[in-house]
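User: Could you walk me through this one, question by question? I'd like the reasoning along with the answers.

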Amino acid sequence: MRKQFVATLTELAIADERVVLLTADLGFMVLEPFAGRHPDRFFNVGVAEANMLSLAAGMASEGYIPFCYSIATFASMRGYEQFRNGAVLHELPVRIVGIGGGFAYGSAGFTHHALEDIALMRVQPGVGIVAPADDAQVDRALRDHYARPEPMYLRLAKETESHPELEGRFRWGHLETIGDGDIAIVALGSMAGVALEARRRLLAEGVRTVVAVAASIAPAPSEDLAALLATKRACITIEDHRPIGGLGSLVAEAIADHGLGVRLVRRGVIDPIGETSGSEAFLRRRNGLDVEGLIATVREVGLVPA
Amino acid sequence: MTAHAEASHSLSAVSVRRSIIDQSKRAHVGHIGSALSITDILVALFSRVIAPEQDVFVLSKGHAALAHYCVMEQMGAITHETLDTYCADGSQLGVHPDHTLPGVRFSTGSLGHGLSLGTGVAFAKRMAGKPGRVFVLISDAELNEGSVWEAFMFAGHHRLANLCVILDNNGQQALAPTNEVIDLSRIGASVTSLGWECDRVNGHDVDAVTRVLQTTSSGGPRFVIADTLAGKGVSFMERQVKWHYLPLDDEQYAQAMRELS
């Protein structure tokens, strides 16, 4: 996904000289295509994320569109106040590109697990949040929205992802839904693969679910959620993020704001601090964020198989 | 340069200081010492250095914004009526500056942001081949913030000759003299080692400050240590930590205005 990001951005930067790529000394074997094609607009600012985000705000105030690249934890947190008082306050088109949301950096441990990045970004007014499900969505989202005037947070997975059911669809402030059924699974972009596989297996048993991929997190897809959930028996949210402040909270807010009566079950990262580390697959499984865990949750909410 | 010449006759340090005392008294707010500390620097900058159509000024020590407001008012950028709303409900003029004001590129107030923002502007200007310099006024206590050093390293490495930092070296921070908190008496050597050109000036000598700020770089970014006194111009405020906070009572106000006549 990060390679797709760089490929698309490299292409966009050919036509748009405002596009600049900054990195806080990360992106080995990833950023080279951009650096090679646009050496005058690629800068390694050093291991200094706070400076990077203010620097980007300063550059944006002069008309540039800076993309600030780092691992999601560092990108979203180390310069958080710089982002708030810079790009957010001055409404400047700075883009934070956070790589490896959730447990993508698995065995690297807690310092590298981005489990609250979406919560932090959601509370800042006017920040667009994009968490694509696959490479095609990365490409679509970037092409259509890279030049928007507001600041943005992009939460990207490390590895290549492809979910043909999505057909590369991405719309700002909207959900992308697949299938239909009494129960809705609302999945953060990074969990689309898990949700879609759970849907396939359940369908084989005659249990029909609709998967709504939430790749456009802010502005919140509230209207789509209201329309989707008005007729559902239950809704399950799944995210590789803490259950507070992220997608589960977003859906709960939409349900409350629209006065819906649908039952909501939120699945997110429940590990206590200091838990042992491991691969992304292991950590997701431990938190019930794998296909089996999601299927079990669907059964728990009491749907009768066909 | 015409703009400078027009401005200079209407901008005097004494009248700016009187205005600072007036507004502080009326609004019953503090940060007077900081505002008096940077007054002469601002007078030099705005009367004879900054070309507003191309230069950018960042007041990184946002808590001294009252001095900037008073300069703006004397230069006609804001009206006296607007200045009189300082710290009132619904006013555009708060304790810290707002970027919706003319000539204020960035809202500041949280220390340690202004230099990185200004560095971004200078970097972008150079990339785009645009003229103009970027002046960032920082406080000495602000040097405690790590992000300032990230910007020092970046600007020095990239040899941003269009960037000029002015250090309001008043030796005082919120709770104590700076050399008792973090001794930075060798700051000049520190920034020089990072590729900056360092200069030192009496921050209350408007002519000397003007000369130093008009001097352009021969390579790296410029770092001007302006030695100042917090509370400069009002005897009972000079070098007194408490005037970082206190508002004025009637008697103090009268004495301050007598001294500034």
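What follows is a set of questions and answers on a predicted model.

User: Let's start with the domains. How far apart are the centres of domain 1 and domain 2 of chain A?
Analyst: The domain assignment splits chain A into domain 1 (2–156) and domain 2 (172–300). Where they meet, 21 residues of domain 1 of chain A and 23 residues of domain 2 of chain A take part. Taken over C-alpha atoms, the centres of the two domains are separated by 25 Å.

User: Which elements give two or more residues to the side of domain 1 of chain A that touches domain 2 of chain A?
Analyst: By class, that side of domain 1 of chain A has 11 nonpolar, eight polar and two charged residues. The elements that give two or more residues to it are helix H6 (117–122), strand S5 (128–130) and helix H7 (135–145) of chain A.

User: Now the chain contact. Which element gives the most to the side of chain A that touches chain B?
Analyst: The contact takes 20 residues from chain A and 21 residues from chain B. On the chain A side, the classes are nine nonpolar, nine polar and two charged. Helix H3 (49–60) and helix H5 (80–88) of chain A each supply at least two residues there. The one that gives the most, with eight residues, is H3(A).

User: How do H3(A) and H5(A) run relative to each other, roughly parallel or roughly antiparallel?
Analyst: Their axes come within 9 Å and cross at roughly 0 degrees. Angles under 35 degrees count as roughly parallel. The two helices, H3(A) and H5(A), are therefore roughly parallel.

User: How many nonpolar residues are in the contact of H3(A) with H5(A)?
Analyst: From H3(A), the contact uses A:Ala50, A:Leu53, A:Ser54, A:Ala56, A:Ala57 and A:Ala60. H5(A) answers with A:Gln82, A:Phe83, A:Gly86 and A:Ala87. Sorted by class, the contact of H3(A) with H5(A) has three polar residues, no charged ones, and a nonpolar count of seven.

User: On to the sheets. Which strands are at the edges of the seven-stranded sheet of chain A?
Analyst: This is an open sheet with mixed pairing, in the order S2-S1-S3-S4-S6-S5-S10 (chain A). Neighbouring strands are turned by 20 degrees against each other on average, direction ignored. An edge strand here pairs on one side only, and that picks out strand S2 (42–44) and strand S10 (216–218) of chain A.

User: What is the bridge partner of A:Tyr69 in S4(A)?
Analyst: Strand S3 (residues 65–71) of chain A pairs with S1(A) over five bridges, running parallel, and there A:Tyr69 is the partner of A:Thr23. S3(A) also pairs with S4(A) in the parallel sense, again over five bridges. In S4(A), the bridge partner of A:Tyr69 is A:Val97.

User: Are the faces of S4(A) covered or uncovered?
Analyst: Strand S4 (residues 95–99) of chain A has five of its five residues buried. On one side sit A:Arg95, A:Val97 and A:Ile99, and on the other A:Ile96 and A:Gly98. S4(A) also pairs in the parallel sense with strand S6 (residues 152–156) of chain A over five bridges. As for the faces of S4(A), both are covered.

User: Why is one side of S7 and of S12 of chain A left without a neighbour in their sheet?
Analyst: Five strands form this open, mixed sheet, in the order S7-S9-S8-S11-S12 (chain A). Strand S7 (176–178) and strand S12 (263–267) of chain A stand at the edges, so one side of each has no neighbour because each has a single partner strand.

User: What angle does the direction of helix H8 of chain A make with that of S9(A)?
Analyst: S9(A) (residues 209–214) runs parallel to strand S8 (residues 183–188) of chain A, joined to it by six bridges. One of the pairs matches A:Ile183 with A:Thr209. Helix H8 (residues 192–204) of chain A packs on the sheet, touching S7, S8, S9 and strand S11 (234–238) of chain A, and its direction makes with that of S9(A) an angle of about 170 degrees.

User: Last one, over in chain B. Is B:Lys130 buried or partly exposed?
Analyst: B:Lys130 lies in the loop between helix H6 (114–128) and strand S2 (134–139) of chain B. A residue needs 20 or more other C-beta atoms within 10 Å to be buried, and 12 or fewer to be exposed. With 14 within 10 Å, B:Lys130 is therefore partly exposed.

Definitions and conventions:
Residues numbered from 1 in each chain as written. Chains lettered and ligands numbered in written order. Predicted model: local features only at pLDDT ≥ 70, side-chain atom pairs only at ≥ 80, totals over all residues. Domains from an automatic or database assignment. Contact = placed C-beta atoms within 7 Å. Helix = DSSP H or I, 4+ residues; strand = E, 2+ residues; numbered from the N terminus. Nonpolar A, V, L, I, M, F, W, Y, C, P; charged D, E, K, R; others polar. Pairing = 2+ DSSP bridges. Axes fitted to C-alpha atoms, helices over the stretch in contact; angles between N-to-C directions. Parallel < 35°, antiparallel > 145°, perpendicular 65-115°, else oblique.
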